[in-house]
Amino acid sequence: VALITQAQFISLGAKVGGPENHPESTRALSRGLAWTNFQGIINLAMEGCGVDLSDQDSELGGVLLTCLVAITATELLRQLLLSMVRVRRSVSASPEAAQAPLPGVLLFPRWHLVVLQSEFLGLSQAAGASMGSGCAVYQGLGSVLFLCLIGYVAWVTWVLYNGIVAGGHVGFRENESMAMLTAAKRVFTAKGEGWWGSLTEKRRVFGNVRVKGQWV
């Protein structure tokens, strides 16, 4: 997700201040990475608006359809994996396995939040471009999308504030505060199974020491 987000902002490079103020190499890089913002993959520019929208990367209809396909594919893949887990448990001889809760990573809305996070910037661009397009239909649709994006941000804020994700509890757990020498000693003395396990454990302990807490 971090890599996609970085590419999304790079694709905006030639659009800040106007494309004419950037060299061709920057504009070419921006066009080549437009797909990370779900732009230029599908173009559904309407006719009869009196405005030429065919050359806009952030054309509203195409971005919306591409994002819809992405979130639908995510849900279908999640349902497929859930079905595989249920089938495997149904044929298991262990009653504990059949009654065990489903893996948290497959529960709603963990995957959906990640996908929506990657779609947010592209949808925001599409909404802004449509509201300033001069086409009444696109302006109306862009305004509705803009309100939906504000609602999405409010919903995510509410979910994190109340700690309600996938029917469980999510909260912020602060790590134990310690002196620098104590923290360094914990990192260097951390051990695991084998050299790779020890390296992984050192990295985990270092992350816990460096970061003040974590979402759990």
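Here are a few notes on the salt bridges, one pocket and a loop glutamine in this predicted model.

1. Start with the charged pairs: the structure holds 3 salt bridges. In helix α2, Arg27 and Glu24 pair through their side chains at 2.7 Å, N to O. They sit 3 residues apart, about one turn of the helix. Arg27 is partly exposed at 22% relative accessibility, and Glu24 is partly exposed at 41%.

2. Glu24 has another partner, since Arg31 forms a salt bridge with Glu24, with the closest N and O atoms 2.7 Å apart. Arg31 comes out as partly exposed, at 48% relative accessibility.

3. Over in helix α3, have a look at Arg78 and Glu75, whose side chains meet in a salt bridge at 3.1 Å, N to O. About one helical turn separates these two, because they are 3 residues apart in α3. Arg78 counts as buried, at 7% relative accessibility, while Glu75 is partly exposed at 23%. Back in the other group, shared salt-bridge partners join Glu24, Arg27 and Arg31 into one network.

4. The second largest pocket has a volume of about 240 Å³. Helices α3, α5 (110-131) and α6 (136-162) each supply at least two residues of its lining. That lining divides into 11 nonpolar residues, no polar ones and 1 charged. Among the lining residues are Leu64, Ile71, Glu119, Phe120, Cys148 and Tyr152.

5. Last, Gln39, which is found in the loop between α2 (24-32) and α3 (60-90). Despite the loop setting, Gln39 counts as buried, at 2% relative accessibility. The Gln39 side chain makes a polar contact with the side chain of Gln125, at 3.0 Å.

Notes
Residues are numbered from 1 along each chain as its sequence is written. This is a predicted model: local features need pLDDT of at least 70, side-chain atom pairs count only at pLDDT 80 or more; totals for chains, interfaces and linings use all residues. Side-chain values use heavy atoms; hydrogens and water are left out. Helices (H or I, at least four residues) and strands (E, at least two) are DSSP runs, numbered from the N terminus. Buried means under 20% relative accessible area, exposed over 50%, partly exposed in between (1.4 Å probe, protein chains only). A polar contact is a pair of N or O atoms within 3.5 Å; within protein, one must be able to donate a hydrogen and the other to accept it, and residues adjacent in sequence count only if both atoms are side-chain atoms. On a 1 Å grid over the protein atoms alone, a cavity is a set of points where a 1.4 Å probe fits but cannot get out, and a pocket is an open set with protein on both sides within 12 Å along at least five of seven lines; lining residues have an atom within 4 Å of a point. Grid points are joined across faces, edges and corners, and a volume is the space filled by probe spheres set on the points. Ala, Val, Leu, Ile, Met, Phe, Trp, Tyr, Cys and Pro count as nonpolar, Asp, Glu, Lys and Arg as charged, and the others, Gly among them, as polar. A salt bridge is a side-chain nitrogen of Lys or Arg within 4 Å of a carboxyl oxygen of Asp or Glu.
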